[in-house]
Amino acid sequence: MRRQQWLRLGIIGTLCAIALPLAVPPLAQAGQIIIRTYPHGHHRYPIYERRRPVREQVTVEFIALGDEWANVYVDGRRIMSAHNTNRRKRFTFREGAYELKITGIDYFDIWAEGYLDVGRDDTNIIVVRFSERGVRVSGDPYAWIPLETGRRSSRR
């Protein structure tokens, strides 16, 4: 082969190496591969589809551990008071971030304060367990974003 042919082949190879990843979506971006199987058992070409679950609401369950009385405030509004018998309650939230404050019986006895970011991934149910010691989140562990780790009290 002559030098010009090698040069052309190199340029074509470089262009293919650049254009091929752009033409075929990577598997991480495709989200899901669907392979259609026909009755005779042979496979056709894979079809790449990008899917994000259409979800407007996420269920969040608050569970008060221990036997202390507590209050849960979301965006400054009290949504739950955990007393003797009602220690567990479910709510439905739209996707987004909410300011969450968990206090003792007194509003200024703050046990935990932070943000609850729901709808970050495909989790349908988030369980928030709380007590005087702190907050634990199941379902999406990154949904709870604490502002402070220490406990504040007006009685100090």
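**Exercise 1. How many bridges join E3 to E6, and in which sense do the strands run?**

Solution.
- Seven bridges join E3 to E6. The two strands run antiparallel.
- This pairing comes from a predicted model.
- One facing pair can be named: Val58 stands opposite Phe93 in E6.
- Next, place the pair in its sheet. The order is E6-E3-E9-E10, an open sheet of four strands with mixed pairing.
- E6 and E10 stand at the edges with a single partner strand each, so one side of each has no neighbour in the sheet.
- On average, neighbouring strands here are turned by 20 degrees against each other, direction ignored.

**Exercise 2. Describe the link between E9 and E10, then sort the side chains of E10 by face.**

Solution.
- Start with the connection. A hairpin through two residues joins E9 to E10.
- Then take the pairing. It is antiparallel and covers five bridges.
- Val128 stands opposite Val137 in E10.
- Now recall the rule for a regular strand: side chains alternate between the two faces of the sheet.
- Apply it to E10. Val135 and Val137 point to one face and are buried. Gly134, Arg136 and Ser138 point to the other face and are not buried.

**Exercise 3. Which salt bridges does Glu61 form, and what parts of the chain do they link?**

Solution.
- Glu61 forms a salt bridge with Arg88, and the closest N and O atoms are 3.4 Å apart.
- Arg88 lies in strand E6 and Glu61 in strand E3, so this pair ties together parts 27 residues apart in sequence.
- Glu61 also forms a salt bridge with Arg90, with the closest N and O atoms 3.5 Å apart.
- That pair again links distant parts of the chain: Glu61 in strand E3 and Arg90 in strand E6, 29 residues apart.
- Glu61, Arg88 and Arg90 are thus linked in a network of salt bridges.
- A search of the whole structure finds two salt bridges.

**Exercise 4. Is Glu61 buried or exposed? Is Arg88 buried or exposed?**

Solution.
- Set the cut-offs: buried is under 20% relative accessible area, exposed is over 50%.
- Glu61 has 7% relative accessibility, so Glu61 counts as buried.
- Arg88 has 56%, so Arg88 counts as exposed.

**Exercise 5. Which residues have the most contacts inside the largest nonpolar core, and which strands supply that core?**

Solution.
- The largest nonpolar core has 26 residues.
- Phe62, Val72, Phe93 and Phe130 have the most contacts inside it.
- Strands E3 (57-64), E4 (70-74), E5 (77-82), E6 (88-94), E7 (96-103), E8 (110-118), E9 (125-131) and E10 (134-138) each supply at least two residues of this core.
- Look at Phe62 in detail. Leaving out residues up to four places away in sequence, Phe62 touches residues including Val72, Ile79, Met80, Phe91, Phe93, Leu100, Leu116, Val128 and Phe130. Phe62 also touches Arg87, Arg88 and Lys89.
- A general tendency fits here: in soluble globular proteins, nonpolar side chains tend to be buried together.

**Exercise 6. What is the strand order of the open sheet of five strands, and which strands are its edges?**

Solution.
- The order is E5-E4-E7-E8-E11, with antiparallel pairing.
- The edge strands are E5 and E11 (144-146), and each pairs on one side only.
- Neighbouring strands in this sheet are turned by 25 degrees against each other on average, direction ignored.
- Zoom in on E4 and E7. They pair in the antiparallel sense over four bridges.
- Val72 stands opposite Ile102 in E7.

**Exercise 7. Where is Tyr142 placed, and is Tyr142 buried or exposed?**

Solution.
- Tyr142 sits in the loop between E10 and E11.
- The relative accessible area of Tyr142 is 60%, so this residue is exposed.
- Tyr142 and Asp121 are 21 residues apart in sequence, and their C-alpha atoms are 9.8 Å apart in space.

**Exercise 8. Summarise the whole chain: elements, burial, contacts and surface.**

Solution.
- Count the elements. The chain has two helices and 11 strands.
- Read the order from the N terminus: α-α-β-β-β-β-β-β-β-β-β-β-β.
- Buried residues make up 30% of the 156 residues.
- Take contacts between residues at least 6 apart in sequence. Of these, 51% join residues at least 24 apart.
- The accessible surface comes to about 11400 Å². Carbon and sulfur atoms account for 53% of that surface.

Conventions
Residues are numbered from 1 along each chain as its sequence is written. This is a predicted model: local features need pLDDT of at least 70, side-chain atom pairs count only at pLDDT 80 or more; totals for chains, interfaces and linings use all residues. Side-chain values use heavy atoms; hydrogens and water are left out. Buried means under 20% relative accessible area, exposed over 50%, partly exposed in between (1.4 Å probe, protein chains only). Contact means heavy atoms within 4.5 Å. Accessible areas come from the Shrake-Rupley method with a 1.4 Å probe; for residues, only the protein chains shown count as cover. A nonpolar core is a set of buried Ala, Val, Leu, Ile, Met, Phe, Trp, Tyr and Cys residues joined through side-chain atoms within 4.5 Å. A salt bridge is a side-chain nitrogen of Lys or Arg within 4 Å of a carboxyl oxygen of Asp or Glu. Two strands pair if DSSP finds at least two bridges between them. Axes are lines fitted to C-alpha atoms, for helices over the stretch in contact, and angles run from 0 to 180 degrees between N-to-C directions.
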